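Please read this report beside the sequence and the structure, which are shown below. The sections take up the chains, their domains and the contacts between them in turn.

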Amino acid sequence: MAYQSPTGGTTTPESPSPADPRPRAELLRWNNWRGALVLFLAGMPLAVTLLPPAASFWVAGAFAVLLAATLVVNAWGRHPGGLLVAPALALLFVMNIYPLLWSFGLSFFNYRANRMRPPVFVGLENYAKVVADPVVWDRLHTTAIMVVLTVSVQMVVGFLLAMLFAKQFPLRRYLLILVLTPMMLSFVAVGAFFRYYYEPSLGLLSQFVRLFTGESYVLMQSAWGARAGIIAADAWMWSPFVMLLVLAGLVSVPKYLYEAAAIDRAPAWRQMWSITLPYIRGLLLLALLFRTIEAFKLFDVVFLLTEGGPGTSTETIALYVYRVAFQYVKTSESTALTYILLFTVIVLTNIYLYFANRRGREA
Amino acid sequence: MSDITSAASAGPAATEPPLPLLERLGFRGASGVGEAGWLRTLLAAIVSLLYFFPVLWIILTAFKTYDDVLAVRAKFIFTPTLDNFRQVFSRAYSVQGQVQDTGFTLAFINSIVTATISVTVALVIGTFAAFGFSRYPLKGNDTYLFIVLTTRMLPAIVVIIPIFLMFRVTGLAGTHLGIILLYTAFNLPFTIWMMKSFFDELSRDVEDAARIDGSSDARVFLKICLPQVVAGLAATAVFGLILTWNEFLFARLLSGVETRTVPVAMAQTIGGDIGVRWGLLAATETLFLIPVIIVTFALQNQLLRGVTFGTIKR
C-alpha cells in the first residue's frame, strides 16, 4: 500500500511515502492503525456490553481483524517486527485476552449461565459478595496451606536430589531419567495412580501399613491425611523441577572455590553455605516463585484424588471456582472470583520475570 | 551479591568460554563439584528407583490381569499379559462375562489429532512471533512478552469460564475446531518464549554479514536463523505435544462425547462406580509413558528451558 511516490517526499492522501518519517494520521486509511486501535478500544467494550453475547463475539472479532489488517498494511515492508508478532498476538487476543475482558465485564453483572434471564448490572456487588464470603477465605486458607507445604517439600526434596546428582558418576545420565520422568506425566495419570496407591484395601500404602499394624489404612478419611496425600503426589511430581534448576545453578560455581576451600580445610557444610548457596540462590528463588505460581493453580490432582474431600478440607481455590462456575452455576460470581486469582498470578509472574530477567542479564 | 560472587566474576571463570550445551546441565562433570565413583552410582540408583517406583508400578500394573490388579496382597511377580493394551483399543471387551466399552480408541485419535494440529499451528505462528520479538523489538516489547507469558501462567479455570460461555454461544463447544483453537492459543505463549530464547542465543554476526551482502529480512530468517534453531523447534514441538496431551480441564469442559481426549477418558474411567479398571488406566498411561521417557532422555539439555516455558535458559 505504501509505495514510493514519484515525487519523492510528498505525501498523497491515499498513500503516504515511506520516506516521510511521521505520516499525518488520516482517518480512513488502511494503514491508520491508531484510528483502528481507538475504534477497537471503544467499540469492543461497547459491543460486549450492548450486544447479545452471540453478536458481540463476532463484532469484537471483526474489530480485531480490522485492527490486525491496518497493522499489517501499516507495517508491510517497514515494521517486520510488528508484522511477525501480529498473528500470534491476534490469536492470543481472541482466545485469551478478549474472553478475560469479557468475563471482567460479566463480573459486574448478575448472570447465571443456566437461566434464560439476561445479565443484570449490579456494579461491584459480586466482588463485595466474594470478599465478604467466609467460604472464599476458607478456600484461600486451604490453598495457602497446600502451596506452602507442597512448595517447601519440593524445595527440600529437589535440593537433596540435586546434591545427590551434583557430582559426575557412572550411569548418572540414565539414572537422572528415572527421577525426571514424573515431571512429564499428566496430572490425570498422577492423580489416578496415587488414588490407586492410597486405596484402603489394594493400595500399596495401606498394604505397607498393614504389615506393621495388621489393619487397613485409610489415608483419605482425615483432612490432614488427604492433604498429605495430595502434597505427596504433587511434590513427587515437581521436586525434579527444583532439582533441575539447582543443578543448572551448580554449573556456574567455579571449581577453584572448592579447591581453595579444601586447602583451607573448610568443612563440607561450610563449603555448602558459603560457596554453593550464594551461587544457586538466584535459581532457588526462581524455582520457589515458579512452583508457587503453579501450586496456586492446584486443580487436576485434587480433582482426581479427593475431589476436595473429605468435606471441603482439600478444596483449593481453583477447585472452588470450578464448583461455583459449573456446579452451582453462579457464573458472574465466579468471574469475580477469577479476577482475584488473576491478580495474584499477575503479581507473582511479574516478580518471577523480574528475577528471571535479572539473572538472564547477569549470565 | 555476596563477596564470593563478586570475587568469582572478577576471576578467570568469568572470561571462560560458555560451556557446550551438553555440559550446561552438568551431564559431563561440569557440575563444579567434582567426580564421584561407583558408590555414588549405587546410592543414586537406590534413590532413583525408589523415586521411579510409582511409575514402575503403573507399568507393572499395565501387564497384570484383571484379577492380579485387584489382588489384596500386591503381586510383584506375576504372569504378564497384554490384555489391558488390547482392551484399550477395542471397542468392546468382556470382563467376567460383562461386555464393556472404553472408547479409548477415539480418545487416542482425538488427542493425537488435536495435539498435532494445535502444536503445528502454534509452532508456525509462534516462531514468526518469537523471531519478531527477538530481532525487531517493538515499543513495549517486554510488556507484550509479559502479557504473552501471563496468559500461559494464569490458572486454567480463569480462562475457561468465559471461553466456555463463548463457545456455548458460538457453537464451538464440543467441536474439534474449538478445542484446536483453544489449544493453539494454549501452546502459543510457550512456543513464543521457547523460540525467542533460542533465537536470542544465536550469534548475530552471520546475519549482519548476510544483510551487508544484500540478503532480505525474509532470506536471513529462512536461510540463516531457522536452520540454526531446528533442534529448538523440535524441542518446542515435543514439549508442546506433551503439555497438550496432558491438558485436562479445558478438554473436560469443552469436549463432547466425540471429541474427548485421553485424560478426559481416563478421568471418566475413575468416576464410575462399577470399580475402577486400574489395569486399563495403567495400560493407557504406559502407552504415553514410553514416548515421554524417550523424549526426556533425548531432550535432557532442553528440559530446563522446556519446563520453565523458556524463561530460564540454563
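## Make-up of chain B

In this predicted model, the secondary structure of chain B consists of 16 helices and two strands. Chain B has 314 residues, of which 46% count as buried. When the contacts within chain B are restricted to residues at least 6 apart in sequence, 72% of them join residues that are at least 24 apart.

## Domains of chain B

The domain assignment splits chain B into domain 1, covering residues 38–81, and domain 2, covering residues 104–307. Taken over C-alpha atoms, the centres of domain 1 of chain B and domain 2 of chain B are separated by 32 Å. The contact between these domains takes eight residues from domain 1 of chain B and seven residues from domain 2 of chain B.

On the side of domain 1 of chain B that touches domain 2 of chain B, helix H3 (38–62) and helix H4 (66–69) of chain B each supply at least two residues, and the largest share, five residues, comes from H3(B). By residue class, this side of domain 1 of chain B divides into six nonpolar residues, one polar and one charged.

## Domains and helix packing in chain A

Chain A is likewise divided into domain 1 (33–106) and domain 2 (130–362), and the C-alpha centres of domain 1 of chain A and domain 2 of chain A lie 37 Å apart.

Two packed helices are described by the angle between their axes and the distance between the axes. For helix H5 (residues 134–165) and helix H9 (residues 223–251) of chain A, the axes come within 6 Å and cross at roughly 45°. An angle that is neither under 35 degrees, nor over 145, nor from 65 to 115 counts as oblique, and H5(A) and H9(A) are therefore oblique to each other. The crossing in which H5(A) passes H9(A) is right-handed, and the residues of the contact between H5(A) and H9(A) comprise 21 nonpolar, four polar and two charged.

## Contact between chains A and B

How many residues does the contact take from chain A and from chain B? Chain A contributes 91 residues and chain B contributes 99 residues. Within the side of chain A that touches chain B, helix H3 (residues 80–106) of chain A gives the most, with 17 residues. The residues on that side of chain A divide into 70 nonpolar, 14 polar and seven charged.

Note on methods. Residues are numbered from 1 along each chain as its sequence is written. Chains are lettered from A and ligands numbered from 1 in the order in which they are written. This is a predicted model: local features need pLDDT of at least 70, side-chain atom pairs count only at pLDDT 80 or more; totals for chains, interfaces and linings use all residues. Axes are lines fitted to C-alpha atoms, for helices over the stretch in contact, and angles run from 0 to 180 degrees between N-to-C directions. Helices (H or I, at least four residues) and strands (E, at least two) are DSSP runs, numbered from the N terminus. A crossing is left-handed if the near helix is turned anticlockwise from the far one by less than a right angle, and right-handed if clockwise. Ala, Val, Leu, Ile, Met, Phe, Trp, Tyr, Cys and Pro count as nonpolar, Asp, Glu, Lys and Arg as charged, and the others, Gly among them, as polar. Domain bounds come from an automatic or database domain assignment. Two residues are in contact if their C-beta atoms, placed from the backbone, lie within 7 Å. A residue is buried if 20 or more other C-beta atoms lie within 10 Å of its own, exposed if 12 or fewer, and partly exposed in between; C-beta atoms are placed from the backbone.
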